[in-house]
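Q: Please take a close look at one part of this structure, the place where its two chains meet, and describe it for someone new to the model. Please also discuss the charged pairs that belong to the picture.

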Amino acid sequence: MSQLDDLKNAIKSHLGELECVIGWEQGYDPLHATPLFIRTEADLDRLTIGPLAVHNLATYLTGFKGKKIGVVVKGCDSKSVIQLLNENLIKRDEVVIFGLCCDGVVSQRKIRAALPADPGFVESVEIGASDLKITVAGQAATLKLSDVLADKCLVCATPDAIISDVLIGTAHTPTPPASLACQDEFEAKSDAEKLAFWQENMSRCIRCYACRNACPMCVCRDYCIATSRDPLWLSQDNSPAENMMFQMVHVSHLAGRCTECGECERACPVDIPLMLLRRYMNKQVKDVFELQAGTALEQTPPLLTFKVEEERINERGW
Amino acid sequence: MERFITKENLIRLAEELSATCRVLAPVASCGTVTFRRFLPGMVLDLHSRMAAVSPKAATFPQTETLLTVKREIPEKKPEITETLPEGKSVVIGCRPCGARGKLIFNPVYETDKTKDPYYIQRRDNTVFISLACDRPETTCFCHSVGSGPADPDGSDVLLTLVGEGYVARSVTPAGEDVLKSALFTDAGDKGKEADAKNAKAREMMGEAHDYVSAPAKLLARFDDMDFWAAQSAKCISCGACTYMCPTCYCFNITDDDLGLESRRIRTWDNCMSHTFTLEGSGHNPRPTKAHRLKNRVGHKFSYYPDLHGGVMACCGCGRCIKQCPAGIDIRQIVKAAQEYSE
Ligand code: SF4
Ligand code: SF4
Ligand code: SF4
Ligand code: SF4
Ligand code: SF4
């Protein structure tokens, strides 16, 4: 039986006890999937998985407090679930986790760059084991899946859900964590180059907060300081400096909590490479506290604890 | 008036205009296309894709200073200066839907009772040189909301790509002035070719969806919160949809206080966010994302058309569909209300 059939059967056997199960279905065109809230067996017919199922559905979990729901997660998404559990933001007995052994998801941006015409003109998509056959504006193109995988998948050390009630698919042999070439390249830039880079990118930001709201760990949501009016912490002016200020707030609130799911960057409608900031901050946290969010149960993010003396910060020796 | 302009000359036109006014055009930067201030040397991206952000900012900027307040000595009366927008703007290369967006603003910002001087001044000082679409994208539905890929409404000049240049047709006297530039030449019989291209693009869009029943059907679902909860389940309340939208016109006003000098600014607001109707008392009449999505869809396809002669407050550009991180499709929501049976 296929992975999809196994998943459908697993969901079917739990559906009765759950408010709903969150998965994916085809979206507005053949190149896009969209979240699916499965409430009845009939909804199950629309369920899809695979390289287009990019959304991290763990984002929705905190919205269901007090209700028991199911969620389908890839390896990376399962880290967000763990982090939410670690921070007591969801309860383990209120969620049934359908874990996938994942072969990676696409980056729509890489697809856009690789296609002969804009994916807005897509006509059909055929998904093979290692490639995508896409027809756009009357031109057919075959893209190797490995060329258009999301950055996070290129260095994924946890393709199989780390936490699950049901694990679907064949487990992968573990690979050691690797670093991303684009990150290293960015960090090698001089301060002046970095500043120019962010000024250019932040000049496009429209402060829509899609990066914030797509993030499974941004749980203040309606009470975010970026939009509070009383007190007014942040100017509503969308100048590059104010936009960057918002990103700094975001990235510091995610320090040691961000699971690098990449949703913030994916959600950004103007393609701001926000993961460069997130990965950088996580690296600092890992260096100082030896902690990576979402990789183990019962870890507390360092900025949510207080110790008079941190083990790895030499406070008296300098 | 009908004229012709080569691709190179259109760039030259943009460069010439940028010497005397603010030119906004689709420019590619870091893999994305947005409308931004065009300066000589920048590369215009007119054809590869629809700009992510609409040209709305030309007439309704995301941040606009309404007035400045200056105090020399704290006890003395402050000096208040109103800052009406100055100068002329030209938008080059927007699609017809993007230009049409501002038509939705007019019955709101210019009525017998109220006039928004900031909007009116910008609108009257901005010329739209639009480009008719060659082919629709999967998210386009302009033909269903009374428009089309070569709709001249809202534009001053409409360009149609024909061979190595554009047939340019003026729609307004301001557009006619643009065509007087020596960069334009006689169109000869290229007009026919343009007509054929425009007709073909319209044909590619297929049959239009009929929204006539939408206002009443959406209103019929007004109290049905189960319907709205289901429709909004995957919404993450980010507001990207409204910020991308050429027809969303809600704003917020805040004071940027800088000690003895401060600015009162107007910025885009959006109905998908919690603060949108949050009252001073703390009460919020739209407490959940279901209430907020109901407002967005209802406003565009029901309340606005009811107030303004059946015109939908949507130009069918599809930005909200394409850019929604959760893939919410406004067409499907309206359809679900239209097809709803008890
Ligand atoms: S990061 Fe890993 S688990 Fe996540 S989508 Fe990519 S390959 Fe799958
Ligand atoms: S999603 Fe992008 S445009 Fe929107 S606020 Fe975040 S960085 Fe800015
Ligand atoms: S900050 Fe971005 S990468 Fe990190 S958890 Fe949030 S959405 Fe995921
Ligand atoms: S862009 Fe999509 S997810 Fe964001 S508020 Fe709009 S409909 Fe909701
Ligand atoms: S509602 Fe959506 S499709 Fe309609 S004008 Fe706004 S962004 Fe475009």
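A: The following account treats the interface first, then the salt bridges, and finally one strand of the second chain.

The model is predicted. In it, 40 residues of chain A are in contact with 50 residues of chain B. The area buried between chain A and chain B is about 3,600 Å², and carbon and sulfur atoms give 52% of that area. On the side of chain A, the residues that lose the most area to chain B are A:Tyr28, A:Phe121 and A:Arg229; together they account for 20% of what that side buries.

Polar contacts also cross this interface: 21 residue pairs, both members at pLDDT 80 or more, are found between chain A and chain B. Several elements of chain A each supply at least two residues to the side that touches chain B, namely β2 (33–38), β5 (122–127), α8 (191–202), α9 (210–214) and α11 (263–267). Sorted by class, that side of chain A has 17 nonpolar, eleven polar and twelve charged residues.

Five salt bridges are counted between chain A and chain B. One pairs B:Arg263 with A:Asp237, with the closest N and O atoms 2.6 Å apart. Another joins the side chains of A:Asp222 and B:Arg292 at 3.1 Å, N to O. This pair crosses from the loop between α9 and α10 of chain A, where A:Asp222 lies, to helix α10 (residues 289–307) of chain B, which holds B:Arg292. As for their surroundings, A:Asp222 counts as partly exposed, at 26% relative accessibility. B:Arg292, with a relative accessible area of 3%, falls under the 20% limit and is therefore buried.

Over all chains, the whole structure has 37 salt bridges. Within chain A, the side chains of A:Glu87 and A:Arg257 meet at 2.9 Å, N to O. These two residues link distant parts of the chain, 170 residues apart: A:Glu87 is in the loop between α3 (75–86) and β4 (95–100), and A:Arg257 is in the loop between α10 (240–253) and α11. A:Glu87 is buried at 13% relative accessible area, and A:Arg257 is buried at 10%.

A salt bridge within one helix is formed by A:Arg266 and A:Glu263, at 2.8 Å, N to O. Both residues lie in helix α11 of chain A, three residues apart, or about one turn of the helix. Here A:Arg266 is partly exposed, with a relative accessible area of 27%, whereas A:Glu263 is buried at 3%. In chain B, salt bridges that share partners connect B:Glu64, B:Asp116, B:Arg122 and B:Arg266 into one network.

Chain B also offers a strand to examine. Strand β2 (residues 22–29) of chain B is largely enclosed by the rest of the structure, because six of its eight residues are buried. Three bridges join β2(B) to the parallel strand β6 (residues 89–94) of chain B, and B:Val23 stands opposite B:Val90 in β6(B). With strand β3 (residues 32–37) of chain B, β2(B) pairs in the antiparallel sense over six bridges; there, B:Val27 stands opposite B:Thr34. The hairpin of β2(B) and β3(B) has two residues between the strands, and B:Cys30 takes a positive phi near 50 degrees in this hairpin.

How values were computed: Residues numbered from 1 in each chain as written. Chains lettered and ligands numbered in written order. Predicted model: local features only at pLDDT ≥ 70, side-chain atom pairs only at ≥ 80, totals over all residues. Heavy atoms only, no water. Contact = heavy atoms within 4.5 Å. Buried area = accessible area lost by both parts, 1.4 Å probe. Salt bridge = Lys/Arg side-chain N within 4 Å of Asp/Glu carboxyl O. Polar contact = N/O pair within 3.5 Å; in protein donor to acceptor, adjacent residues only side chain to side chain. Helix = DSSP H or I, 4+ residues; strand = E, 2+ residues; numbered from the N terminus. Nonpolar A, V, L, I, M, F, W, Y, C, P; charged D, E, K, R; others polar. Buried < 20%, exposed > 50% of the residue type's maximum accessible area, 1.4 Å probe, protein only. Pairing = 2+ DSSP bridges.
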